[in-house]
Amino acid sequence: MACGSTSLWAGEATWFCCGNAWGSCGSAGTGACGTCQSGKNMAAWPNLSAACWDITRPDLCGESMPRRTCGAVMNVRHQCSGATVCVTLADCGPRTKSFCGEAACCNGACRTNRVIDLTPAAFTAIGSLSSGKLPVYIYE
C-alpha cells in the first residue's frame with residue numbers, strides 16, 4: 001500500500017523502541033502486531049484496536065482518532081521542515097492520556113497531544129532523536 005496525501009490528523013510525534021536492538025535501542029518486544037522493528041519505518045497508533053484505545057484514551061485529551069489496524073500505512077510530515085516518512089502501523093500507542101496538553105512547537109506554531117509514536121528509524125528520517133518530540137501532520 002502506498003503512502004497517501006489525504007489529511008488524517010495532526011499532533012505531536014514521539015519515538016519508541018521495538019524489536020531487535022538498533023541504534024540507541026536495546027532489544028524490546030515486537031509490539032501489538034508482532035512485527036515492530038526499531039530499524040524499520042514503523043509506528044504506533046492510539047486506536048489500533050478497542051483494547052488499544054482502552055489503554056491510550058486519546059479522547060480524554062479531546063482527540064477522537066479513527067481506528068487504523070496493523071499494516072495500515074501513513075505518511076508523517078514534520079510541520080516545520082516538511083520532511084516526510086512513510087510508516088507502517090505495528091504497535092499500539094502512545095498513551096495519549098498521560099500527556100494531555102503536551103506541545104511540540106516550531107516557528108511559533110504548536111501541535112498538542114501525543115498522537116503517534118515512530119520507531120527511531122522513522123523518527124530520524126524527519127527529525128533528530130535528541131529533540132524527543134516533533135509537531136507533525138499525518139496523511140493516509
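**Exercise 1.** Find the bridge partner of asparagine 75 in S4, and place the pair in the sheet.

*Solution.* Step 1: asparagine 75 is partnered by cysteine 86 in S4. Step 2: strands S3 (residues 73-78) and S4 (residues 84-92) run antiparallel and are joined by five bridges; strands are DSSP runs of E with at least two residues, numbered from the N terminus, and two strands pair if DSSP finds at least two bridges between them. Step 3: a closed barrel of six strands, with mixed pairing, follows the order S1-S7-S2-S4-S3-S8.

The model is predicted: local features need pLDDT of at least 70, side-chain atom pairs count only at pLDDT 80 or more, and totals for chains, interfaces and linings use all residues. Residues are numbered from 1 along each chain as its sequence is written, and side-chain values use heavy atoms, leaving out hydrogens and water.

**Exercise 2.** Determine which residues form the salt-bridge network with Arg114.

*Solution.* Step 1: apply the criterion, a side-chain nitrogen of Lys or Arg within 4 Å of a carboxyl oxygen of Asp or Glu. Step 2: arginine 114 meets glutamate 12 at 3.6 Å, N to O; arginine 114 lies in strand S7 (residues 114-118) and glutamate 12 in strand S1, 102 residues apart. Step 3: arginine 114 also meets glutamate 102, at 2.5 Å, N to O. Step 4: Glu12, Glu102 and Arg114 are therefore linked in a network.

**Exercise 3.** Is glutamate 12 buried or exposed?

*Solution.* Step 1: buried means under 20% relative accessible area, exposed over 50%, partly exposed in between (1.4 Å probe, protein chains only). Step 2: glutamate 12 has 0% relative accessibility, so glutamate 12 counts as buried.

Methods. Helices (H or I, at least four residues) and strands (E, at least two) are DSSP runs, numbered from the N terminus.
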